[in-house]
Amino acid sequence: MGTGTGTGTGTLGSALLVLAALSSAAARSALPDPPGGFCSSVLRAQTHGTRRDGHNEFRVRVEGDPDEYQPGSTYRVSLYASSPAYFRGFTLIAIKEGREGLSDGDYAGKFQIIDEDDTQFMTNCPPAVTESTPRRRTRIQVFWTAPPAGSGCVILKASIVQKKIIYFQDEGSLTKRIESTEGAPQDCCACGTAKYRLIFYGNWTEKLHPKDYPRRANHWSALIGASHSRSYVPWEYGGFASEGVRQLAELGSPVKMEEEIRQKGDEVLTVIKTKAQWPAWQPLNVRSAPSAEFSVDQTRHLMSFLTMLGPSPDWNVGLSAEDLCTKECGWVQQLIQDLIPWDAGTDSGFTYESPNRPTIPQERIRPLTSLDHPQSPFYNPEGDPIAPVARVVVERIARKGEQCNTFPDMVDDIVADIGLEETHEDDTPETCIYSNWSPWSACSSSTCDKGQRMRQRMLKAQLDLNVPCPHTQDFRQCMAPGCSDEEYPTCMMSEWIAWSPCSLSCGMGMRSRERYVKQFPEDGSICTEPMEETQKCVINENCYLAPCMLVPWSEWSLCTSSCGMGMRSRRRHHKSSVDLTECAEKLEQMEKCMITECPLPCMMSEWSEWSECNKSCGKGHTIRTRMIKLDPQFGGDPCPETVQRKKCTVRKCKQGSKMKSESRGELKKTAKQSPGCKMHSWSIWTDCSEPCGGGIQERFRSTKKSTQQSSCNDKKELRVCNVHPCRS
């Protein structure tokens, strides 16, 4: 961009155009500072470049999309581009409606920088926010603190710079008008009460967030929150974490935060709770998404919740003070929000499994960004937005009492009794991790007499052995079909979730959408309605496809071996059907895999030679032994015997010379020696030949004196020792 000539227009539109142009040092140095003007140099300058009306590919959004601001409250403001659009520079400003920005008092509220590598205050006009360095980006975020009461309506306006093209709107997606709550009712004007169901879908997977993804112990903690009044908010964007929030964000324990919520008494209508999820993600046909029901009324119409991303230093996701009351005095019908991780400001770790490093002094709760730290699993040098790790769906399921909304709802809810809180609370300890309940069994009674039906669940983990885990079976009364006037409800399905993005950015691809079972039939039958749909989609039918454009890799195939080392593969194919001779990209990948170790049987040594007979005459026995070289592992076959013995006879004994053997293989000599033979005493037993698995000990007796008429020989005895099995 260059400097232009001419006089300023004095309008906010030209002011913002110049703010964008002045983000370069060259433009700022080319413009003199007129005396007395707060941002007058911006207002009086002109840009040189092409100006185009902004369209919906660029948008300014205030989190929660409020139509009114609460004086002094802090809001998160995002400026983003829809794919495939992007922007290199930007300017964001908040000004009072009807003002021209000629004085300090024309600007409304105050911006707060979240990421200094991404955003900064503008040198020539400090109330405005601009880029730190010009580069390609799709989103920026800042905090904005609303002005005090009496400031009137506020206009948030932005300009977008793409090379020499400036996108700007006086109205539309780059302009957001917010009214002040002054003079409007501070509380909800809806009548009666409403009941909602919160459903949490965790999308934190290795496929979507592959960098350093923790394959072990990845989980979502128990979800904890409440429906509450404006005067009490469990946690706030830009606020400081309470002790309960710290324990949830760092340790995954909801106990302290639930205690803090319950201590607020009448400020809270319902405590919102769901169980922890181990592992963090499973398909919906394996594990249904966790859900909880809660109620709201005229004074307690806000909803907040948190759940921890584990393992992590202090990262979590959730909503804060989401208002379910509409300005038409009705109740929000459905809320769908994608969630990115937040830092609780209590731990300074950068990675999922960083050691505990308390942040001193404690910092404010803030969103994680892709430029926080190079070691962060969400780091991206381009500064792209972090892909959502979860989605929450809040849908209205019932209302009670007279309704006073000025416009009728499109959805006619079932009018049901709604208590102040669920009377039947699940008191299962958070340290007990269960599978889902099985479907109800058939009734045990085939007549109209009362019987029982049963369902079961499996205890998958007991994290604290000192805390007992409750029952794994549940029973309820029933009668045979046709004995009750009550009709079992059919399978109730949710609405379809929005279609996923097209699998290809150019040409024909596929997209899918899902739904879930809201209520199973009480007769225990299975829902047969489809829970997923796919269809073809076309992004640009006439787009050019280069020869080497490839679709993403398929999922890995099953391992070729059910145990031990095997192989698995994945494939991809070309997007185009043009000549592929110049494309050298691989279309198949192979890698080693192992599901579990194969069973290893017991390994034995070879048998030893048979020992000498334990008697010099008459009937005796001889032994042989072998050792255990490796104990069985992973369920392998057990070890066989380590000692074998068999009978033996050297020669017949003369009368009176038979030997009697003692118990356990030790022999006692009773025969008399030949006349004229004198023998030394027996020696002590030798050390056992083996430490385990069966060995041999020996002892000896030598001739002391003999005569010519006598036949005297040295003697030797054997016995078995250390027959206990060897341990690995």
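In this predicted model, Pro279 sits in the loop that links β18 (268-274) to β19 (291-296). The peptide bond between Trp278 and Pro279 is cis, with omega at about -10 degrees. Another cis bond is found between Gly310 and Pro311, where omega is about 0 degrees. Pro311 belongs to the loop between β20 (302-310) and β21 (315-323).

Strand β21 brings the reader to a further backbone feature. Ala321 lies in this strand, and its phi is near 50 degrees, a positive value in a residue other than glycine. The relative accessible area of Ala321 is 30%, so this residue counts as partly exposed. Following the chain into the loop between β21 and β22 (334-339), one meets Cys329. Here too phi is positive, at about 65 degrees, although Cys329 is not a glycine. With a relative accessible area of 16%, Cys329 is buried; the cut-off for a buried residue is under 20%.

A step back helps to place these details. The chain has 728 residues, of which 42% count as buried. Its secondary structure comprises five helices and 46 strands. Among the contacts in the chain with a separation of 6 or more, 68% are made by residues 24 or more positions apart.

Two of the helices can be described as a pair. Two packed helices are described by the angle between their axes and the distance between the axes. For helix α4 (residues 243-251) and helix α5 (residues 255-262), the angle is about 150 degrees and the axes are 7 Å apart. Angles over 145 degrees count as roughly antiparallel, and α4 and α5 are therefore roughly antiparallel to each other. Their crossing is left-handed. On the α4 side, Glu243, Gly244, Val245, Gln247 and Leu248 take part in the contact, and they meet Lys256, Met257 and Glu260 of α5. By character, the residues of this contact are three nonpolar, two polar and three charged.

What do the buried residues of α4 pack against? Gly244, Val245, Gln247, Leu248, Ala249 and Glu250 are the buried residues of this helix. Their packing partners are β17 (223-228), α5, β20 and β21. The list thus includes β21, the strand in which Ala321 lies. After α4 comes Gly252, which has a positive phi near 75 degrees.

Turning to the strands, a general point is useful. Strands of a sheet pair through backbone hydrogen bonds, either parallel or antiparallel. One open sheet in this model is built from four strands in the order β4-β6-β11-β8, with antiparallel pairing. Its edges are formed by β4 (58-62) and β8 (110-113), each of which pairs on one side only. From one strand to the next, the twist averages 30 degrees. Within this sheet, strand β6 (residues 74-81) and strand β11 (residues 139-145) are joined by seven bridges in the antiparallel sense. Leu79 has Ile140 of β11 as its bridge partner.

Strand β12 (residues 154-162) gives another view of pairing, and also of burial. How many of the residues of β12 are buried? The count is nine of its nine residues, and the strand is accordingly described as mostly covered. The side chains of Val154, Leu156, Ala158, Ile160 and Gln162 point one way from β12, while Ile155, Lys157, Ser159 and Val161 point the other way, and all are buried. Among the residues on these two faces are Gln162 and Lys157, which are buried along with the rest.

The pairing partners of β12 include strand β7 (residues 89-96), which runs antiparallel to β12 and is joined to it by eight bridges. In this pair, Phe90 stands opposite Ile160 of β12. Strand β14 (residues 175-180) also pairs with β12 in the antiparallel sense, over four bridges. There, Leu156 is placed opposite Lys176 of β14. Ile160 and Leu156, the β12 residues named in these two pairings, point the same way from the strand.

Notes: Residues are numbered from 1 along each chain as its sequence is written. This is a predicted model: local features need pLDDT of at least 70, side-chain atom pairs count only at pLDDT 80 or more; totals for chains, interfaces and linings use all residues. Side-chain values use heavy atoms; hydrogens and water are left out. Two strands pair if DSSP finds at least two bridges between them. Axes are lines fitted to C-alpha atoms, for helices over the stretch in contact, and angles run from 0 to 180 degrees between N-to-C directions. Angles under 35 degrees count as roughly parallel, over 145 as roughly antiparallel, 65 to 115 as roughly perpendicular and the rest as oblique. A crossing is left-handed if the near helix is turned anticlockwise from the far one by less than a right angle, and right-handed if clockwise. Contact means heavy atoms within 4.5 Å. Ala, Val, Leu, Ile, Met, Phe, Trp, Tyr, Cys and Pro count as nonpolar, Asp, Glu, Lys and Arg as charged, and the others, Gly among them, as polar. Buried means under 20% relative accessible area, exposed over 50%, partly exposed in between (1.4 Å probe, protein chains only).
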